[in-house]
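Q: Could we go through this structure together, so that I learn how to read its features one at a time?

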Amino acid sequence: MEIVLSGIRSTGHLHLGNYYGALRNFVKMQDQYKCFFFIADLHALTTHPKSQDFHAGVKAILAEYLAAGLDPEKVTLFVQSNVPEISELYVLLNMIAYKGELERTTSFKDKIRGHEENVNAGLLTYPVLMAADILIHRAHKVPVGKDQEQHLEMARLFARRFNNLYETQVFIEPQAFNFGSDLLKIPGLDGSGKMGKSEGNGIFLIDDEDTIRKKVMRAVSDSGPTVPNSIMPESIQNIFTLLKVVSTPDTVTYFTDKYNDCTIRYGDLKKQLADDICKQINPIRERIQTITHDGAYLRYVIEKGTAEARASAQATLKEVRKAVGFKSF
């Protein structure tokens with residue numbers, strides 16, 4: 001069975017973009033593939049989160065993963081830092097990663113422009129740690145967005161480079177998992193771009209109804225169309241994209257017709273959108289709250305996932321150490 005791997009950083013909560021963009025597909029995949037899903041707490045350290053908030057972030061993401069439908073009896077759920085083999089492989093891959101190629105990655109250049117006060121070595125070698133995450137389980141497929149495609153290509157590069165240098169075939173070259181038409185791109189509420197954790201433009205799975213309604217009512221719009229059947233500006237397209245995701249087809253048709261004949265009232269549109277988002281989010285939020293307070297279940301999930309992930313990682317690292325030439329005296 002093919003192995004699929006994906007992770008998410010432990011900073012912030014999951015939002016609608018995560019849920020409709022990937023998580024629902026992960027739930028479908030768990031019956032078809034051997035799946036490893038992890039919480040990337042080591043990656044999160046590049047932003048220097050406060051230690052008192054760190055564990056809470058990991059716990060929140062785990063509860064949200066489970067509430068979204070991931071089944072620990074079908075998939076391996078684990079925390080990155082609980083698998084020390086990842087860190088060892090990260091060190092070994094750093095020895096074959098070169099400064100110039102890391103400095104040229106788009107993500108690193110974006111980060112140093114936006115965070116000049118915190119250009120740490122972890123940011124530079126971020127793609128190496130990501131490659132270690134993937135290669136330690138010898139994943140065949142990795143679901144990635146456009147912004148992560150370069151990192152996946154580097155994982156393939158490091159796999160080839162290691163195999164060639166040590167004359168082995170330890171690593172396979174992972175491929176991007178293509179969701180095709182099932183992958184929905186969820187826009188943010190700020191009028192442009194995708195929904196994200198750090199952009200302040202998202203609706204989170206943990207948000208209550210009042211928070212959701214306030215966010216939706218503040219979504220960027222305009223003064224309304226003045227010409228029938230005019231092209232929607234991006235900000236209005238984004239609102240309709242969200243509507244298509246959470247509302248019934250007849251609701252979408254109703255507001256589309258209102259837009260096309262120039263009688264639309266954005267207040268009514270946003271109120272309907274907020275109502276329908278709440279209907280989708282409320283059951284998930286309730287499950288999150290229940291799971292968060294079930295410490296015994298969370299411990300079971302992590303202990304089970306850690307054992308499975310370490311068994312997989314140790315098998316790979318044993319072959320890696322042999323290829324490199326490490327031996328016991």
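Q: Is Phe 38 buried or exposed?

A: Phe 38 has 4% relative accessibility and therefore counts as buried, where buried means under 20% relative accessible area, exposed over 50%, and partly exposed in between (1.4 Å probe, protein chains only). This is a predicted model, in which local features need pLDDT of at least 70 and side-chain atom pairs count only at pLDDT 80 or more, while totals for chains, interfaces and linings use all residues. Residues are numbered from 1 along each chain as its sequence is written, and side-chain values use heavy atoms, with hydrogens and water left out.

Q: Which residue stands opposite Phe 38 in E3?

A: Phe 78 of E3 stands there, and with a relative accessible area of 2% Phe 78 is buried. Strands (E, at least two residues) and helices (H or I, at least four) are DSSP runs numbered from the N terminus, and two strands pair if DSSP finds at least two bridges between them; here E2 and E3 run parallel and are joined by four bridges.

Q: How do the side chains of E3 point?

A: In a regular strand the side chains alternate between the two faces of the sheet. In E3, Thr 76 and Phe 78 point one way, whereas Leu 77 and Val 79 point the other way, and all are buried.

Q: How many aromatic pairs does the structure hold, and how is a pair recognised?

A: Rings of Phe, Tyr and Trp (its six-membered ring) pair if their centres lie within 6.5 Å, and planes under 30 degrees apart count as stacked, over 60 as edge-to-face and the rest as tilted. The structure holds eight aromatic pairs. The ring centres of Phe 38 and Phe 78 are 5.5 Å apart with the planes at 25 degrees, so this pair is stacked; the pair links distant parts of the chain, since Phe 38 lies in strand E2 (residues 34-40) and Phe 78 in strand E3 (residues 76-79), 40 residues apart. Phe 162 and Phe 171, by contrast, form an edge-to-face pair, 5.2 Å centre to centre with 65 degrees between the planes. Phe 162 is buried at 1% relative accessibility, Phe 171 is buried at 2%, and together with Tyr 166 they form one aromatic cluster.

Q: How are two packed helices described?

A: They are described by the angle between their axes and the distance between the axes. Helix H10 (residues 209-217) and helix H13 (residues 266-292) have axes that come within 9 Å and cross at roughly 145 degrees, the axes being lines fitted to C-alpha atoms, for helices over the stretch in contact, with angles from 0 to 180 degrees between N-to-C directions.
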